[in-house]
Amino acid sequence: MAKCSPEKLDEMLQFMEHDLNLINSTFEIMSLKDELKLSKDIKYLLLDNIAEKIRFAFYNVDNREDILYQYLYKNNGISEKSDLPDSFDNIAGETIAFDVFIDFTENFLALNKSERDMLLNNTEYDWFV
């Protein structure tokens with residue numbers, strides 16, 4: 001994957017922090033302390049070439065593949081958001097969950113388990129390969 005400028009990556013990480021804060025202030029998913037820990041983990045995972053992309057996803061609890069809305073942040077400095085629907089009537093009554101998903105880089109996945117575990121031990125949360 002092509003490297004991006006530090007400025008572009010920093011700008012994308014600022015968008016991520018803003019989006020995470022907006023999600024949390026809207027839905028009260030976690031404490032402010034937990035939000036800061038999550039933001040710190042995401043920065044580490046992206047900046048240290050552990051994660052290729054991070055996704056914030058709202059999905060149907062009964063079907064994890066049914067992604068209703070998603071934010072995507074890539075280690076090349078690109079971020080993407082789904083368009084919000086004009087109406088939430090089509091998802092009314094569904095049980096919706098929020099989660100953070102990581103797509104790890106090929107370099108990280110090529111490491112042996114103990115090396116991967118050592119790198120992931122530098123995070124606040126438990127991330128699963």
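## Ground rules

Contact here means heavy atoms within 4.5 Å. The model is predicted, with local features needing pLDDT of at least 70 and side-chain atom pairs counting only at pLDDT 80 or more, while totals for chains, interfaces and linings use all residues. Residues are numbered from 1 along each chain as its sequence is written, and side-chain values use heavy atoms, leaving out hydrogens and water.

## Ser39 and its neighbours

Let's start with Ser39, which sits in helix H2; helices (H or I, at least four residues) and strands (E, at least two) are DSSP runs, numbered from the N terminus. Leaving aside residues up to four places away in sequence, Ser39 touches Met16, Glu17 and Leu20. Ser39 has a relative accessible area of 6%, so it goes down as buried. For the cut-offs, buried is under 20% relative accessible area, exposed is over 50%, and partly exposed is in between (1.4 Å probe, protein chains only).

## Bridges from helix H1

On to the charged pairs. A salt bridge is a side-chain nitrogen of Lys or Arg within 4 Å of a carboxyl oxygen of Asp or Glu, and that rule gives a count of 9 salt bridges. One of them pairs Glu17, the residue that also touches Ser39, with Lys43, and the closest N and O atoms are 2.7 Å apart. That pair links distant parts of the chain: Glu17 belongs to helix H1 (residues 6-27) and Lys43 to helix H2 (residues 32-47), 26 residues apart. Glu17 is partly exposed at 31% relative accessibility, and Lys43 is partly exposed too, at 26%.

Asp19 is another helix H1 residue with a bridge. Its partner is Lys81, with 2.9 Å between the closest N and O atoms. Lys81 comes from strand E3 (residues 79-81) and Asp19 from helix H1, so this bridge ties together parts that are 62 residues apart in sequence. Is Asp19 buried or exposed? Asp19 is buried, at just 2% relative accessible area, whereas Lys81 is partly exposed at 46%.

## A bridge within helix H2, and a network

Helix H2 also has a bridge of its own, between Asp34 and Lys37. Here the closest N and O atoms are 3.6 Å apart. The two residues are about one helical turn from each other, because they sit 3 residues apart in the helix. Asp34 is partly exposed at 26% relative accessible area, and Lys37 is partly exposed at 24%. Elsewhere in the list, Lys53, Arg55 and Asp103 are joined into one network by salt bridges that share partners.
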